[in-house]
Amino acid sequence: MRKPWRVAVVGGGIAGLAAAVRLRDRAPAGTEITVYEQSGALGGKLRTGALAGRQVEFGAESFLMRDPAGGESAAVALVRRLGLAGDVVHPSVGQAALAVDGGLRPIPGGTLVGVPGDLDRVAAVAEPAADADRDEGRPLLAPGADVAVGALVRARLGDQVVDRLVDPMLGGVYAGRADGLSLATTMPALARAARVEHTLVGAVRAAQAAAPRAPGAPVFGTLAGGLGRLVEAAATASGAMIRRDAAVRELAPTGAGWRLTVGPTRDPELVDADAVLLALPARPAARLLDAVAPEAAATVGGLDYAGVALVTLALPEPDLPALSGFLVPATEGLLVKASTFFTAKWGHLARPDGLALVRASVGRYGEETSLQLTDADLVATVHRELSAVLGVALPAPVASHVQRWGGALPQYAPGHLDRVAAVRAALRGAHPTLALAGAGYDGVGIPACVRSGETAAEEIITALGGSAS
Ligand SMILES: Cc1cc2nc3c(=O)[nH]c(=O)nc-3n(C[C@H](O)[C@H](O)[C@H](O)COP(=O)(O)OP(=O)(O)OC[C@H]3O[C@@H](n4cnc5c(N)ncnc54)[C@H](O)[C@@H]3O)c2cc1C
């Protein structure tokens with residue numbers, strides 16, 4: 001009889017947990033799955049908490065309902081697999097604003113992460129360069145090529161479209177700048193269209209037409225009860241042994257499989273596994289890979305990250321506009337880069353007492369000095385800047401919370417996907433029972449990380465000899 005497989009999943013974020021569920025579903029019965037998580041809690045960047053007696057997310061708050069290529073997102077599929085589909089809720093207020101020129105303007109519709117498919121619709125916020133997006137008789141991007149989002153959009157539509165639309169929208173997701181982020185990684189549908197279309201506006205329209213959205217269909221969803229429920233349900237469904245406070249510090253091939261060194265240096269535990277799935281941010285993954293595949297480790301470890309802080313204020317009866325929140329272009333010179341009117345956006349959390357939770361994110365890539373402020377100074381700065389943007393003196397918070405996420409958001413430079421493909425090809429050749437998953441490779445966001453974990457799980461199942469079904 002075949003001995004049960006032993007699979008070690010290193011990292012208990014959503015990528016690792018989605019991988020563990022997929023292993024449970026597809027690997028032969030009896031497979032021993034262990035999730036090693038260095039901290040005391042599962043979930044990684046998913047962390048549901050409470051402030052002033054209200055539920056709030058101190059990390060990711062929602063997931064995209066649809067895959068950018070069409071169909072439901074991998075997050076929605078996982079939620080359904082876990083029996084939580086009935087608990088998905090959508091924002092009660094969809095409209096967000098841009099803070100420009102000292103006031104708030106509605107974010108124009110019809111754009112792809114701020115890149116317009118119709119120039120007239122963005123004119124109230126940003127004036128596109130006249131006549132620069134000309135058909136020059138060839139596709140915008142050569143096959144396989146990549147480019148920084150900012151470089152492409154500046155050349156075709158001018159600086160204002162980048163600075164006042166694309167940059168704040170990309171910044172809201174990556175805490176990074178359009179001038180540094182890879183088009184192919186952050187906007188894959190637009191990159192695909194740009195390899196065919198001759199103008200940027202044409203490419204946006206083609207990308208939108210390739211994945212049409214049903215009118216009125218919600219863009220985002222979250223779980224009543226918080227995203228912590230997704231984490232718990234995935235851990236339970238995986239049937240994995242969950243090891244919290246269990247940092248994996250070393251990884252070594254043994255010939256037949258792997259040996260992991262787990263726990264504190266003075267009292268390490270050595271564990272053997274047939275396969276290892278590293279679902280870690282790039283830097284800790286690179287440290288483990290260093291002794292196994294130094295070249296791959298150098299490439300993986302070369303990925304830069306931005307740190308951010310989420311500052312949540314509980315405000316008694318604030319005078320807030322009917323918006324889900326706003327984004328702030330870097331050119332406005334504020335520390336706050338985005339704000340969510342949490343209890344207004346998520347109507348299921350509102351209570352009749354008028355207390356509102358407002359969350360602001362601080363920290364752009366390259367400007368991390370703002371994160372060196374004390375918690376009290378961050379709270380005061382956020383309160384002051386929110387009041388200025390809204391043009392009202394907000395009441396003093398009755399409670400506040402500062403969540404710092406150091407090294408939180410990967411900054412994918414152009415060519416990122418090619419580098420990841422090369423690393424995976426090298427590992428597959430030399431170490432097929434070692435797989436990589438998570439935001440360091442396949443994109444930021446819950447759906448991308450779920451899919452990344454599931455794909456890595458499938459690779460491991462194939463490497464170990466195929467699935468049960
Ligand atoms: C502030 C913020 C807000 C966000 N908002 C959203 C949002 O609203 N919607 C959305 O879709 N996405 C959002 N994202 C992005 C999304 O949360 C992440 O892309 C995703 O959660 C990353 O998952 P992951 O499993 O790849 O990594 P992580 O969540 O980073 O998990 C990795 C885990 O590995 C553990 N670990 C590290 N080293 C070791 C080790 N040596 N041994 C064992 N364990 C280790 C870590 O403790 C961590 O738990 C947000 C991200 C941030 C930072």
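Colleague: At what angle do helix 1 and helix 9 pack, and how far apart are their axes?

Modeller: Good place to start, and do keep in mind that this is a predicted model. Helix 1 covers residues 14-26 and helix 9 covers residues 228-238; they pack at an angle of about 30°, and their axes lie 8 Å apart.

Colleague: How do I turn that into a description: are helix 1 and helix 9 roughly parallel or antiparallel?

Modeller: The general idea is a cut-off: an angle under 35 degrees counts as roughly parallel, and one over 145 as roughly antiparallel. Helix 1 and helix 9 are therefore roughly parallel to each other. Their crossing is left-handed.

Colleague: Which residues of helix 1 and helix 9 meet?

Modeller: First, the general idea. An α-helix has 3.6 residues a turn, so residues three or four places apart point the same way. Now the case here: helix 1 brings Ile14, Leu17, Ala20, Val21 and Arg24, and these meet Leu230, Val231, Ala234, Ala235, Ala237 and Ser238 of helix 9. Sorted by class, this contact holds nine nonpolar residues, one polar and one charged.

Colleague: Which residues of helix 9 are buried?

Modeller: They are Gly228, Leu230, Val231, Ala233, Ala234, Ala235 and Ser238. Look just past the end of helix 9 as well, where Gly239 takes a positive phi of about 60°.

Colleague: And helix 2: which of its residues are buried, and what covers them?

Modeller: Helix 2 spans residues 74-81, and its buried residues are Ala74, Ala75, Val76, Leu78 and Val79. Their cover includes helix 1 and helix 9, which we have just met, together with strand 5 (63-64), strand 6 (88-89), strand 11 (220-223) and helix 16 (446-464). Just after helix 2 there is a glycine too: Gly83, with a positive phi of about 80°.

Colleague: Which residues other than glycine have a positive phi here, such as one near 60° or about 45°?

Modeller: Let's take two cases. Asp131 has a phi near 60°, and its place is in the loop between helix 3 (119-122) and helix 4 (149-157). Glu317 has a positive phi of about 45° and belongs to the loop between strand 17 (304-316) and strand 18 (325-327).

Colleague: Are Asp131 and Glu317 buried or exposed?

Modeller: The cut-off for exposed is over 50% relative accessible area. Asp131 counts as exposed because its relative accessibility is 58%. Glu317 counts as exposed as well, because its value is 62%.

Colleague: Is Glu61, a charged residue in a loop, buried or exposed?

Modeller: Glu61 sits in the loop between strand 4 (54-57) and strand 5. Here the cut-off to use is under 20% for buried; at 10% relative accessibility, Glu61 therefore counts as buried. Leaving aside neighbours within four places in sequence, Glu61 is in contact with Thr222, Leu227, Thr340, Phe342, Lys345, Trp346 and Arg359.

Colleague: Back to helix pairs. At what angle do helix 11 and helix 14 pack?

Modeller: Helix 11 (residues 294-301) and helix 14 (residues 416-430) pack at about 155°, with axes 10 Å apart. Helix 11 and helix 14 are therefore roughly antiparallel, and their crossing is left-handed. Ala296, Thr299 and Val300 of helix 11 make the contact with Arg419, Val423 and Leu427 of helix 14. By class, that contact has four nonpolar residues, one polar and one charged.

Colleague: How many residues are in the largest nonpolar core, and which of them have the most contacts inside it?

Modeller: A nonpolar core is read as a set of buried nonpolar residues joined through their side chains. The largest one has 79 residues, and Leu260, Val276 and Leu278 have the most contacts inside it. Helix 5 (residues 159-174) gives the most to this core, with six residues. Apart from this core lies another, of 47 residues, including Leu17, Ala234, Ala279 and Ile461.

Colleague: What does Leu278 touch beyond four places in sequence?

Modeller: Its partners are Val10, Leu251, Ala285, Leu288, Leu289, Leu434, Ala435, Leu436 and Ala437.

Colleague: One last residue: where does Leu390 lie, and what does it touch?

Modeller: Leu390 lies in helix 13 (residues 375-390). With 15% relative accessibility, Leu390 counts as buried. Not counting residues up to four places away in sequence, Leu390 touches Leu104, Leu320, Pro321, Phe326 and Phe341.

Key: Residues are numbered from 1 along each chain as its sequence is written. This is a predicted model: local features need pLDDT of at least 70, side-chain atom pairs count only at pLDDT 80 or more; totals for chains, interfaces and linings use all residues. Side-chain values use heavy atoms; hydrogens and water are left out. Axes are lines fitted to C-alpha atoms, for helices over the stretch in contact, and angles run from 0 to 180 degrees between N-to-C directions. Helices (H or I, at least four residues) and strands (E, at least two) are DSSP runs, numbered from the N terminus. Angles under 35 degrees count as roughly parallel, over 145 as roughly antiparallel, 65 to 115 as roughly perpendicular and the rest as oblique. A crossing is left-handed if the near helix is turned anticlockwise from the far one by less than a right angle, and right-handed if clockwise. Contact means heavy atoms within 4.5 Å. Ala, Val, Leu, Ile, Met, Phe, Trp, Tyr, Cys and Pro count as nonpolar, Asp, Glu, Lys and Arg as charged, and the others, Gly among them, as polar. Buried means under 20% relative accessible area, exposed over 50%, partly exposed in between (1.4 Å probe, protein chains only). A nonpolar core is a set of buried Ala, Val, Leu, Ile, Met, Phe, Trp, Tyr and Cys residues joined through side-chain atoms within 4.5 Å.
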